[in-house]
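Guide: Have a look around and ask whatever comes to mind. I'll set each value against its cut-off.

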Amino acid sequence: MALLTQYVCRALPGIGKGLFRGHGGQGAVALKGMFMSTTAAASRAIRGRQLTQIRGNRLNGRTRLIHSSARVCNGHDAAAYIQSGHVKSVQRENVKKVLVVGSGGLSIGQAGEFDYSGAQAIKALRESNVHTILVNPNIATIQSSHDLADEIYFLPVTPEYLTHLIERERPDGVLLTFGGQTALNVGIALDDMGVFARNNVKVLGTPISTLKASEDRDLFSRALNEINIPIAESVAVSSVDDALASAEKIGYPVIVRSAFSLGGLGSGFANDKAELQALATKSLSLTLKSLSRSRSRAGRRSKYHMLRSAAIKIIRHLGVVGECNVQYALNPNSLEYRVIEVNARLSRSSALASKATGYPLAYTAAKIALGHTLPELPNAVTKTTTANFEPSLDYIVTKIPRWDLAKFQYVNREIGSSMKSVGEVMAVGRTFEESLQKALRQVDPSFKGFMPMPFRDLDKALTVPTDRRFFAVAEAMLNQGYSIDKIHELTKIDKWFLGKLSNLAAVYNELREIGSLYGLNRDVLLRAKKHGYSDAQIAELVGSTELEVRARRKRLDIHPWVKKIDTLAAEFPAHTNYLYTSYNASTHDIDFNEHGTIVLGSGVYRIGSSVEFDWCGVSCARGLRRVGMKTIMINYNPETVSTDFDECERLYFDELSYERVMDIYELETASGIVVSVGGQLPQNIALKLQETGAKVLGTDPRMIDNAEDRHKFSQMLDKIGVDQPAWKELTSVEEARTFANTVGYPVLVRPSYVLSGAAMSVIRDESSLKNKLENAAAVSPDHPVVITKFIEGAREIDVDAVASKGQLLVHAVSEHVENAGVHSGDATIALPPYSLSASVKDRCKEIAEKVASAFQITGPYNMQIIEAVNPEKPDVPDLKVIECNLRASRSFPFVSKALGVNFIDVATRALVGKDVPAPRDLMKEKHDYVCVKVPQFSWTRLAGADPFLGVEMSSTGEVACFGKDVKEAYWAAIQSTQNFKVPLPGHGVLLGGDRKELADVAAKLHELGYKLYVAEKALHKKLAPVPVTVIDFPKEKRALRAVFEKNDIQAVFNLASGRGKSTEDQDYIMRRNAVDFNVTLFNDVRCAELFVECLKEKLPLVLSEEKTMPNEVKRWSDWIGSHAL
């Protein structure tokens, strides 16, 4: 297994000692756990003055290296360190204005953790009176607000745009290590171009030479060989033939890895020539590859100190200044290990490490970049130690990834060296069993914890790592009688973990055998709770209900204890607001005397619920504090800013279940609960919370339930005179067929309750309807489906709004570029709308007012409306409501930043009835700009998935940019998506699909000078008289790659009306390989048309030798006219 070591360090040239902070972790493929064991060394030479003695001190089973004089003075006092004379402050970096480079849109491999680390860095800079300039097109982030950065640019993180920005802002310094691989790569490119040198910009923290050495496989290998650190035998290759030849020399199995990439992008294991050929054909489209001999990937924690020593040696030699991580492969049966890689930047795991240990890595790394040393920096979390003080833990942290692979057609569900997860959870407990069960439930509300699932081939499910393998282990233990030895043989999961799972199995079986609520005595119930079993989990095993188990538990005086995240293991007092609950305790660590307001966070990032809701949660907590209220945040996502120690009075790193939220509400005697800013998860428990005595702030949960019940919602719309598409809830295939024939195809089919379009489909004929309902949805009285008339060619409109006691306060009307039928989370959205008439906007406001009044809304809400042609009144389009959520939506940060008004701050004041602002019609105000939001997809990570847009959400993030009009804003926004390359005239464009609009797109591309190609004669005929060339289109990947290279294809426009019905479908192959070959892909008609218009306007500037500054290079404050947010 790969082991990870995290460090914050300051290395000075020519000095062989440094100050370090590190952690080691273990994880298994199916069981992702990280156990933080941390060590710090306060040993450093400053300006030739060398510390004279290092002593080892054993504490709680961990070794701490400390300077001998630190035991004379107060060991956790920064001033005492400096006064001792052994440690002196070094010269600070003389910078007044620093550019912080962000990571862009969230994607698999680079997600919300960089919002957290970037926000921490900006806080550290502002604390040091450094003026901060942030460039980040991710408009949903917390860091991109004037609460943090002084000035913000929503622009592509590319060398071209950053060159213009630097020339305009003239910063003294730049931070490249807080924006993931995106920031690092662009920084190296700018340095190579001479931009930093030409503009006198100092790279703060780790120098460029070190970044290059850690990213370039050849330089990295040579550097580690110089200090005798073993690495996997590897060869850098740049072609498939080179890869095959090199593999024969070093021997199979091999792993293919990318230089200058993240999250294992393009990597994978190959056991033979055929597997390597397929993998290398795809991977070489990304960047130069390294071919490494694959060895054992398992490890034991007992070898931690050996690896720690190696890590210190590595980062000293490379000259890292700030944070980095080191990953290893470790032989479980010997001391043999190999270094996999070193990331000389803030990594994905740095947020997890910070939250798990209470050590603020990003904040400390930013301070080090400014020239501070660890002994002089206080730890802002513990408030009693300095930054060179080792965290020492008395709890267990378990991290489990969240995969959403089930959403994608044809996707390969196996997990390996290339990252596929979209988020992660972090659970805290006093035992591994308790922590693990929490984490499993946090990943998905449908998971009760340690639970079995049936598998057709259980042994294969155990042997082949997938996103469901953990449940195969549970099935083997609980229902199939597999021994630990047999499971270990099949999975290679360490027996220590399997032994702990066996403990869970014993309790599971005991509860199942009791089979009755009244058979649960205090000992049995307490034992179950100490092993992490939830009330709902216990209820299912004994044939009861969650509320009955809760009542019995309380009668038996069994309740959770609130503990601090004590990173000092009780050696010093820990003055922290960072909390969790546990049944493996006997006292509370805090007094419950604040009676704060609880804000429920959004939980794990997943497709449909991401950093946008963290922005909402943080904005709500800050709004409550601004009106003088104490706040309590509950969340368990380590990637978030909402789980930062300084965003609320009390932070519970715990579950968002009814059981846990009600426990905390009762213990804290909280003044209320906010359920409307964390997405769907808090909404799902709102009614239950209210019915059992909790005070839910804002819209009555009974009204929330009415809005989510299709029958009640439809009746209300009819009552208030708001139109909606024809629909019906049905329980049989025959009923569905009759309804579809009545309203006419196409129809939209979905389960009654869905999130992010889950399991939704557009059906265009009777046979497809029958197949969908019989095979996929399994329609029945217990599982009804909703069928709605689907209106083709309709325009979709988003309305985001805030109301107070049924009165509309603010609203935003946003326009989708794509027609209805593309999920709103995947849509390109413009605000202010660029083509809606004043009448339509006024009617949208009227609908928003009617809905607010009917449901007596207090707080945020969102509606999707479609604008369709009315055959009887062509000049007055129909407006039909297709969805309404009585909560904040994904688009709230976008509309807030586009219009310069924080909708969540307005909503928060409405929720608590304090300083509620007067109604304001933002859509009547003049805006001389347009902001366009574009989805960020992660198709490259999802091998086999069809890159096609439909009613089920697929994107993992978003970016947005401003412009004088929709074309200028879209031009910048589309370039902000990862790996997007503008195709240039004279190069090839491959056309495909059956949409009639393709002919017009092709004609305009021809006029612009592109060489056009098609894969079939029939399409060639349809596009006439536009000159296009028919090319061979082999379905074998390597041959197809050769065709792309031969014809210099830089873009694919595949405008198809539906998904491919199989992996042999030509349009599917065209879309999928465009992604695999890293070629720009357009798969939507309206976006393709808009991009062609952008090319027509912007290509002259792109091709001009005079590089004038584009109009879109402006500060956010210049666009909206203020620093209000």
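Guide: Phe154, Tyr929, Phe962, Trp1116 and Trp1119 form one aromatic cluster. This is a predicted model, where local features need pLDDT of at least 70, side-chain atom pairs count only at pLDDT 80 or more, and totals for chains, interfaces and linings use all residues. Residues are numbered from 1 along each chain as its sequence is written, and side-chain values use heavy atoms, with hydrogens and water left out.

Visitor: How many aromatic pairs does a search of the whole structure find?

Guide: It finds 25. Rings of Phe, Tyr and Trp (its six-membered ring) pair if their centres lie within 6.5 Å; planes under 30 degrees apart are stacked, over 60 edge-to-face, and the rest tilted.

Visitor: What makes Phe937 and Trp939 a stacked pair?

Guide: Their centres are 5.3 Å apart and their planes differ by 15°. The cut-offs are 6.5 Å and, for stacking, under 30 degrees, so "stacked" it is. Phe937 and Trp939 are both buried, meaning under 20% relative accessible area (exposed is over 50%, partly exposed is in between, with a 1.4 Å probe and protein chains only).

Visitor: And why are Trp971 and Phe1091 called stacked?

Guide: Here we have 6.1 Å centre to centre and 15° between the planes, so this pair passes by the same rule. Trp971 sits in helix α31 (residues 966–976) and Phe1091 in helix α36 (residues 1085–1103), so the pair ties together parts 120 residues apart in sequence. Helices, by the way, are DSSP runs of H or I with at least four residues, strands are E runs of at least two, and both are numbered from the N terminus.

Visitor: How do you know whether Trp971 is buried or exposed?

Guide: Its relative accessibility is 4%, so Trp971 counts as buried. Phe1091, at 0%, counts as buried too.

Visitor: What makes you say that Lys486 lies over the face of Tyr482?

Guide: Lys486 is 4.0 Å from the ring centre. The rule asks for NZ of Lys or CZ of Arg within 6 Å of the ring centre and within 35 degrees of the ring normal. Arg710 lies over the face of Trp727 as well, at 5.8 Å from the ring centre.

Visitor: Why is the contact between Arg1038 and Asp241 called a salt bridge?

Guide: A salt bridge is a side-chain nitrogen of Lys or Arg within 4 Å of a carboxyl oxygen of Asp or Glu. Arg1038 and Asp241 come to 2.6 Å, N to O, so they qualify. Arg1038 is in helix α34 (residues 1037–1046) and Asp241 in helix α8 (residues 240–250), 797 residues apart. At 27% relative accessibility, Arg1038 is partly exposed. By this rule there are 73 salt bridges.

Visitor: Which side chain meets Glu647 in a salt bridge?

Guide: That would be Arg622, at 2.8 Å, N to O. Glu647 lies in the loop between β22 (631–635) and β23 (650–653) and Arg622 in helix α21 (residues 611–626), so the pair ties together parts 25 residues apart in sequence. Both Glu647 and Arg622 are buried.

Visitor: By how much of a helical turn are Arg1072 and Asp1076 separated?

Guide: About one, as they are four residues apart in helix α35 (residues 1066–1076). Arg1072 and Asp1076 form a salt bridge, with the closest N and O atoms 2.8 Å apart, and both are buried.

Visitor: How do you know that Lys420 has no salt bridge?

Guide: The nearest side chain of opposite charge, Glu414, is 6.9 Å away, and the limit is 4 Å, so no bridge is counted. (Lys and Arg count as positive, Asp and Glu as negative; His and the chain ends are not counted.) Lys420 is buried all the same, and is found in the loop between β17 (396–402) and β18 (423–429). Its side chain reaches the backbone oxygen of Asn412 at 2.7 Å.

Visitor: What makes helix α22 largely enclosed?

Guide: Nine of its 11 residues (658–668) are buried, so the rest of the structure largely encloses it. Among the buried ones are Tyr658, Met662 and Glu668. Just after α22, Thr669 takes a positive phi of about 40°.

Visitor: How many helices and strands are in the protein?

Guide: There are 37 helices and 40 strands. Of the 1125 residues, 64% count as buried.

Conventions:
A polar contact is a pair of N or O atoms within 3.5 Å; within protein, one must be able to donate a hydrogen and the other to accept it, and residues adjacent in sequence count only if both atoms are side-chain atoms.
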